[in-house]
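Dear colleague,

I am handing over the structure below, and I would be grateful if you could look through it with these notes beside you.

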Amino acid sequence: MLESVTQSMFLSNTMVCDPLMSWTELSGTTKDDYATCDHQKDSYTFWTSIHPEYWSKHNVCEWLQFCCDQYKLDANCISFSRFNINGLQLCNMTQEDFLDAAGIYGEYLYFILQNIRMHGISFFTDAEETKKYILNSCLLPIQDLQNSHLWEFVRDLLLSPEKNGGILEWEDRGQGIFRVVKSEALAKMWGQKKKNDRMTYEKLSRALRYYYKTGILERVDRRLVYKFGKNAHGWQENKI
DNA sequence: AGCGCCTTTCCTGCTT
DNA sequence: AAAGCAGGAAAGGCGC
């Protein structure tokens, strides 16, 4: 399933990946990008240039580090001891194995690995491109892993009613008008994401008000009610 | 090193 | 009276 999904998505975007290009050509295009990365500068050019099947234990570790860096994953959620294995063993891990070893990131890491095996590392050097693919896939929402902006956090909470526990609700779905139902709960959740237990709705709302200036939000003259502006995206139905 | 962006923190005054 | 709103000011964090 994963293969067919990613393959079709992959082939549909010739800018990211020309199917005629070889794996080595693809990975070669990224070498320079990572030569500028001061973190593990020396090793990037090595592990990205070989197939995952041939990675050493060290390379596997570097790959995990790369994923954490690139997608802002919380390394504490990943059991690194479970990944003290070589590339061949890594490639033999099932999706369930990944879930066991990396919790909420398991499915995601599995997805990344399978795509690197198929298409090379360049597939994942552009976080924005990767995000598009994940959003179009049936994987867990990548915004949970990546998005750091407050308005995106709010948007994604609105888009996941099963997760927001009635904290936010749409007032007018079509116009992008929504209401903050539990203000302090929202602040607490935002604080959790930012690892800041001093967050309050008072402060969060100040940040929201700054969005009026940039057109991310529009003012609605009602208490606890906000509206997405013309510069907000991704909140409309049937539109990503 | 420095700059810009996005908050975070704090504050005063105002409104509901 | 309590909670929310409006923004100014300044500082922090982080990516480039």
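I begin with one contact to DNA strand C, where a polar backbone atom of leucine 224 lies 2.4 Å from a phosphate oxygen of that strand. Please keep in mind throughout that this is a predicted model, and that the distances quoted here are computed from it.

**DNA strand C**

Leucine 224 also belongs to the group of residues that come closest to DNA strand C, together with Tyr201, Arg206, Arg219 and Arg223, out of the 13 residues that surround the strand. Among these, arginine 219 makes its approach through the side chain, with an N or O atom placed 2.3 Å from a phosphate oxygen of DNA strand C. Serine 183 also uses its side chain, and a polar atom there is 3.0 Å from a phosphate oxygen of DNA strand C.

Which part of the chain gives the largest share of the surface near DNA strand C? That share comes from helix H13, which supplies six residues. Sorted by class, the surface near DNA strand C consists of seven charged, five nonpolar and one polar residue. On the side of the DNA, sugar or phosphate holds 46% of the atoms of DNA strand C that lie within 4 Å of the protein, and the rest belong to bases.

**DNA strand B**

DNA strand B has 14 residues around it, and those that come nearest are Leu150, Trp190, Lys194, Tyr211 and Arg223. For this strand, sugar and phosphate make up 70% of the atoms that come within 4 Å of the protein. Arg223 is thus named among the nearest residues for DNA strand B and among the closest for DNA strand C.

Three contacts to the phosphates of DNA strand B can be described individually. Tryptophan 190 places a polar side-chain atom 2.7 Å from a phosphate oxygen of the strand, while leucine 150 has a polar backbone atom 2.9 Å from a phosphate oxygen. Asparagine 196 contributes an N or O atom of its side chain, which is 3.1 Å from a phosphate oxygen of DNA strand B.

Helix H13, which covers residues 201-214, again gives the most to the surface, here with five residues near DNA strand B. By class, that surface near DNA strand B has six nonpolar, five charged and three polar residues.

**The protein chain as a whole**

The secondary structure of chain A amounts to 13 helices and four strands. Of the 240 residues in chain A, 45% are buried, and the chain exposes about 12,800 Å², of which carbon and sulfur atoms supply 51%. When contacts in chain A between residues at least 6 apart in sequence are considered, 54% of them join residues that are at least 24 apart.

How many disulfides does the structure hold? The number is zero. As for individual cysteines, cysteine 67 counts as buried because its relative accessible area is 0%, which is under 20%. Cysteine 61, by contrast, counts as partly exposed, because its relative accessibility of 35% falls between 20% and 50%.

**Helix H10 and its charged residues**

Leucine 150, met above through its backbone contact to DNA strand B, is also one of the buried residues of H10. This helix is mostly covered, with nine of its 10 residues buried, and the buried ones include the charged residues Glu152, Arg155 and Asp156.

Aspartate 156 sits in helix H10, which runs over residues 150-159, and it is buried because its relative accessible area is 7%, under the 20% limit. The side chain of aspartate 156 makes a polar contact of 2.9 Å with the side chain of arginine 155. Glutamate 152 is placed in helix H10 as well, and it counts as buried because its relative accessibility is 9%. The C-alpha atom of glutamate 152 is separated by 8.6 Å from that of glycine 234, although these two residues are 82 residues apart along the chain.

**A buried glutamate in helix H4**

Is glutamate 62 buried or exposed? Glutamate 62, whose place is in helix H4 (residues 57-71), counts as buried, because its relative accessibility is 2%. Between the C-alpha atoms of glutamate 62 and threonine 48, which are 14 residues apart along the chain, the separation is 9.6 Å.

With kind regards

Conventions
Residues are numbered from 1 along each chain as its sequence is written. Chains are lettered from A and ligands numbered from 1 in the order in which they are written. This is a predicted model: local features need pLDDT of at least 70, side-chain atom pairs count only at pLDDT 80 or more; totals for chains, interfaces and linings use all residues. Side-chain values use heavy atoms; hydrogens and water are left out. A residue is near a molecule or strand if one of its heavy atoms lies within 4 Å of it. A polar contact is a pair of N or O atoms within 3.5 Å; within protein, one must be able to donate a hydrogen and the other to accept it, and residues adjacent in sequence count only if both atoms are side-chain atoms. Helices (H or I, at least four residues) and strands (E, at least two) are DSSP runs, numbered from the N terminus. Buried means under 20% relative accessible area, exposed over 50%, partly exposed in between (1.4 Å probe, protein chains only). Contact means heavy atoms within 4.5 Å. Accessible areas come from the Shrake-Rupley method with a 1.4 Å probe; for residues, only the protein chains shown count as cover. A disulfide is a pair of cysteine sulfur atoms within 2.5 Å.
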